[in-house]
Amino acid sequence: MSHIAYVNGRYLPQRSATVHIEDRGYQFADGVYEVFLVWNGVPVDYAPHIVRLNRSLSELRMRMPMSPAALTVVMKEVIRRNHMKTGIVYIQVNRGVASRAHPFPNGDIKPSIVVTAKHFAGSSDAMAEQGAKVVTAPDIRWERRDIKSVGLLANVLARQGATEAKAYEAILVTADGTVTEASASNAWIITADKTIVTHPTTNAILGGVTRATVKDLAKQAGYTVQERPFTLEEAKNAKEVFLTGTTTFVMPVAQIDDKPVGNGTGGLIALDLRRRYRRYIDTLDAATAWNV
Ligand code: PLP
């Protein structure tokens with residue numbers, strides 16, 4: 001069965017869906033995107049994903065080509081046409097099509113928009129129990145990582161390094177030894193006194209939607225959460241390390257490069273948070289989940 005994509009006003013079989021060669025997303029990575037989870041037919045944290053999409057657009061002085069209500073209709077229709085119960089929806093908005101020149105095009109060009117959906121059953125519970133292996137990579141990205149831009153080449157290179165090392169993810173480390181986040185997820189440590197620590201939401205990281213939800217769930221469960229930068233050295237010596245993200249959920253980390261973390265298996269607090277996150281997505285209110 002061919003996937004159906006929404007492309008600039010039309011629903012098309014994905015294999016025949018194309019974009020213009022002078023789309024600025026293609027030529028300059030002049031575009032932004034979002035990925036959200038649909039779990040048993042219910043979108044997870046839809047509103048904060050849309051808030052972040054609008055923020056990314058406004059930081060780059062781009063506009064959304066349709067109203068929030070129309071966008072929701074498109075999302076639902078793409079999910080319906082792909083018969084998707086559980087999976088991820090991808091939305092990309094580019095500045096639009098114009099003759100190649102670095103400055104923004106003159107006039108009010110129409111942004112391009114693509115929405116796709118694909119089945120995805122969530123990150124592996126077996127891997128979570130065992131704890132994932134991660135590698136480290138230098139964080140060579142630009143200084144506006146808070147914008148969910150499609151300019152992902154540094155993330156791609158880091159993730160390729162992880163794949164070649166048969167690791168789940170690459171955590172990104174700045175020149176001064178700070179762990180910012182990972183190539184497609186946020187990074188956390190748990191200290192000896194059980195404080196849960198993650199990088200604050202500055203321009204240095206993407207403010208993960210899952211990060212915000214897990215922070216709330218952790219606080220509700222009575223854990224102490226601290227938002228401060230931490231170093232790779234701290235992470236390697238932490239009681240536990242874990243990652244969060246839309247496709248990651250909560251993933252305990254058992255190894256960083258060649259160093260086992262904690263007791264070398266999925267940490268108990270991280271696994272507790274994974275269970276709480278799972279309960280959260282299992283019990284979302286379908287009636288309000290599409291509200292923005
Ligand atoms: N950090 C980066 C660089 C990401 O690409 C992502 C998700 O793709 C995340 C963090 C996690 O964000 P979210 O929880 O909103 O998926």
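Which domains does the domain assignment give for this chain? The assignment, automatic or from a database, gives domain 1, covering 4-119, and domain 2, covering 125-281. Before going further, I should say that this is a predicted model, in which local features need pLDDT of at least 70 and side-chain atom pairs count only at pLDDT 80 or more, while totals for chains, interfaces and linings use all residues. Residues are numbered from 1 along each chain as its sequence is written, and side-chain values use heavy atoms, with hydrogens and water left out.

Let me begin with the sheet of six strands, an open one with antiparallel pairing, whose order is β2-β1-β6-β5-β3-β4. Because β2 (10-13) and β4 (42-43) each have a single partner strand, they stand at the edges, and one side of each is left without a neighbour in the sheet. Strands here are DSSP runs of E with at least two residues, helices are runs of H or I with at least four, and both are numbered from the N terminus; two strands pair if DSSP finds at least two bridges between them. Within this sheet, β3 (residues 31-39) and β5 (residues 87-94) pair over eight bridges in the antiparallel sense, and Val38 stands opposite Gly87 in β5.

Turning to another strand, β15 (residues 249-256) has seven of its eight residues buried, where buried means under 20% relative accessible area with a 1.4 Å probe, counting protein chains only. Strand β7 (residues 132-138) runs parallel to β15 and is joined to it by three bridges, with Lys133 opposite Gln255, whereas β14 (residues 240-245) runs antiparallel to β15 and is joined to it by five bridges, with Leu243 opposite Met251. A hairpin of three residues links β14 to β15, and in the hairpin of β15 and β16, with two residues between the strands, Asp257 takes a positive phi near 50°.

How, then, do the two domains meet? Their centres, taken over C-alpha atoms, are separated by 27 Å, and the contact (heavy atoms within 4.5 Å) takes 21 residues from domain 1 and 21 residues from domain 2. Together they bury about 1800 Å², 62% of it on carbon and sulfur atoms, this being the accessible area (1.4 Å probe) that two parts lose on being put together, summed over both. Tyr33, Trp39 and Arg52 supply 35% of the area that domain 1 buries against domain 2, more than any other three residues. Between the domains the count is two salt bridges, each a side-chain nitrogen of Lys or Arg within 4 Å of a carboxyl oxygen of Asp or Glu.

Definitions and conventions:
Buried < 20%, exposed > 50% of the residue type's maximum accessible area, 1.4 Å probe, protein only.
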